[in-house]
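Trainee: Before we go through this model together, could you take my questions one at a time and show the reasoning behind each answer?

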Amino acid sequence: MGKRRFLFSIAAFITSSLVFLLVFLVLFSTLSQASRYKSYLLQSRNADTLVALERLKMELSEAENAFQDYLNTKNTYRLEDFHRAKKASNDAIEDLEILLKDDKNALFTLYSIKESFKSYSYQCEKAFELFGLNVSSYYMQKVQADSIATYLNRYADELLSSIIESNTASLAEDARSYSLFITLNIIFLIIFTLFLILIVIIYSRNIRRPLRELGITAERISQGELNARSSASSRDKQVMLLTATFNNMADDVVKAMEDQKKKAEAEKQLLEEQKKNLMVQAQLDRATFLALQTQTNPHFLFNTLNSIDRTIQLNKINDARTMLHSISSLMRYNLSDASVPAVLREEIEVTKEYLLIQKARFSSRFSYEIDIPDILLDTIFIPRFTLQPLVENAIIHGLKDKEEEAKVAIRAEERGYDVILTISDNGSGMSEEKIKECLSRNYMEGKHIGISNTKHRLELFTGKKNALIIKSKLNEGTLIIITLRREYEQ
């Protein structure tokens, strides 16, 4: 009777302890979930803050660009863009004030942004006023506005860094909380296993030793000795099954960890290979672009000098002088850095010089027309010596077997986010086979170097496969279409 009471008291103690641990674990889990929910709200607020801050930076940049463009071009649309961006920036600052109301450090930085933006807006409006009155002192206001814009961007970057640090700290706290939760779960599992071993020892001495060894093995594994296994033996089939299952579970855990490690190493190696491939491809594209650009210049010079030579042979001295003056301008353009794209106006001017050479050569048999808006001439970029080889091709086909006047027209227009540049002639045209031959990628072999070289340089520059398209019919002329992206404005 006394022995039963003793066993009952031990069982009651063990049960009470397990209940206490379970209650503790439930309470800790609840508190952990509450903490993680609070962290989720903070991260959500930080995410909204990052969006608002990004919108503020974008609108500040748009306001600055509109300010510069208006003073450079007097384009009233850009003035309207400035006021729109100004209002949007103020709205973004108000949104940030609401989102950051509990963060004193961030609010202090935001206050600096707000005051700086007021000063920036005032300087810009003052510059607009003086600029509209043709007062030269507007430039001083412009310089002050540019200086304030630099501080604005710096304050915005500081605020962004502060928010990212706050978000990082929140994530780290979540990681620590989750790690503690997992640790307590593991501890609870170990304690539960130990108590279970005690109960088994009390009620069955026959299985006490193997279960104790299982507990020791589990503890060794929990401490990082993953190769630990239980070698306990017993006549009880259930104990033997438990031992085998435990060892299999440990094997599965080790195998899963090794597989995960191998997978992580493989992914790391793959990422490194992808990074190397991207770097090699970028260097190859740049080298190819520069090679094509370098190849174009001597080809153009050779053709132009041949034209001057033929003009002198025809005893057209004045025309030859005109052509020499034009080629001197072309040579100065040719000495510029091939890796730096040209503003469309520069490319049009150098193409005009080439057209003047051809006009002097062919006189009344040849005429040309250029129709491009000024806003595109000053804001669109293009690889150097892109238009000349195409115009040269148009002139050759335009004058070949052409008794009446040959014409070449260069036009440009905006279409959505793209700018479409066209070169047309009223020459004899080309067949589909001839077009395919001209556009073939033998740009490094010298065959059709003008068109194929230019096509490939445009593809590298714009990232578009169809950056240059040729449409032509026999006896109806030829149309060359070039597609440029507006993001190259910046």
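Mentor: Accessible areas here come from the Shrake-Rupley method with a 1.4 Å probe. Please keep in mind throughout that this is a predicted model.

Trainee: With that in hand, what is the accessible surface of the protein, and what share of it belongs to carbon and sulfur atoms?

Mentor: The fold to which this surface belongs has twelve helices and seven strands, and buried residues make up 38% of its 490 residues. The accessible surface of the protein comes to about 29300 Å², and the share that belongs to carbon and sulfur atoms is 57%.

Trainee: Among contacts with a separation of 6 or more, what percentage comes from residues 24 or more positions apart?

Mentor: Contact here means heavy atoms within 4.5 Å. When the contacts in the protein with a separation of 6 or more are taken, the part that residues 24 or more positions apart account for is 70%.

Trainee: Turning to the aromatic side chains, which kind of pair do Tyr70 and Phe128 form?

Mentor: The search of the whole structure finds nine aromatic pairs. In the one formed by Tyr70 and Phe128, the centres are 5.2 Å apart and the planes stand at 90 degrees. Planes over 60 degrees apart count as edge-to-face, so the pair of Tyr70 and Phe128 is edge-to-face.

Trainee: How many residues apart in sequence are the parts that this pair of Tyr70 and Phe128 ties together?

Mentor: Tyr70 is buried at 12% relative accessibility, and Phe128 is buried as well, with a relative accessible area of 8%. Because Tyr70 lies in helix α1 (residues 2-73) while Phe128 lies in helix α3 (residues 104-132), the pair ties together parts whose separation in sequence is 58 residues.

Trainee: Tyr70 also pairs with Phe131, so what is the geometry of those two rings?

Mentor: The ring centres of Tyr70 and Phe131 are 5.8 Å apart, and their planes meet at 65 degrees. This pair links distant parts of the chain, with Tyr70 in helix α1 and Phe131 in helix α3, 61 residues apart, and both Tyr70 and Phe131 are buried. Since an angle over 60 degrees sets the class, the geometry of Tyr70 and Phe131 is edge-to-face.

Trainee: Which residues do the ring pairs link into a cluster?

Mentor: Tyr70 takes part in edge-to-face pairs with Phe128 and with Phe131, and ring pairs carry the linkage on to further residues. The cluster consists of Phe67, Tyr70, Phe82, Phe117, Tyr120, Phe128, Phe131 and Tyr138.

Trainee: For the charged side chains, is Arg78 buried or exposed, given that Arg78 forms a salt bridge with Asp81?

Mentor: The closest N and O atoms of Asp81 and Arg78 are 2.9 Å apart, and both residues lie in helix α2 (residues 76-99), three residues apart, about one turn of the helix. Asp81 counts as partly exposed at 25% relative accessibility. Arg78 has 17% relative accessibility, and because the limit for this class is under 20%, Arg78 counts as buried.

Trainee: Which residues are joined into one network by salt bridges that share partners?

Mentor: The count for the structure comes to 18 salt bridges. One of them joins Asp378 and Arg345 at 2.7 Å, N to O, linking helix α9 (residues 374-379) with helix α8 (residues 344-362) across 33 residues; Asp378 is partly exposed at 42%, and so is Arg345 at 29%. The network built on shared partners is another matter, and its members are Glu62, Asp69, Arg78 and Asp81.

Trainee: Finally, which strands are the edge strands of the open sheet?

Mentor: Five strands form this sheet in the order β2-β4-β5-β7-β6, with mixed pairing, and neighbouring strands are turned by 15 degrees against each other on average, direction ignored. Six bridges join β2 to strand β4 (residues 406-415), the two running parallel, and Glu369 stands opposite Ala409 in β4. Helix α8 lies across β2, β4 and β5 (418-425), at about 165 degrees to β2. The strands that pair on one side only are the edge strands, β2 (366-371) and β6 (468-473).

How values were computed
Residues are numbered from 1 along each chain as its sequence is written. This is a predicted model: local features need pLDDT of at least 70, side-chain atom pairs count only at pLDDT 80 or more; totals for chains, interfaces and linings use all residues. Side-chain values use heavy atoms; hydrogens and water are left out. Rings of Phe, Tyr and Trp (its six-membered ring) pair if their centres lie within 6.5 Å; planes under 30 degrees apart count as stacked, over 60 as edge-to-face and the rest as tilted. Helices (H or I, at least four residues) and strands (E, at least two) are DSSP runs, numbered from the N terminus. Buried means under 20% relative accessible area, exposed over 50%, partly exposed in between (1.4 Å probe, protein chains only). A salt bridge is a side-chain nitrogen of Lys or Arg within 4 Å of a carboxyl oxygen of Asp or Glu. Two strands pair if DSSP finds at least two bridges between them. Axes are lines fitted to C-alpha atoms, for helices over the stretch in contact, and angles run from 0 to 180 degrees between N-to-C directions.
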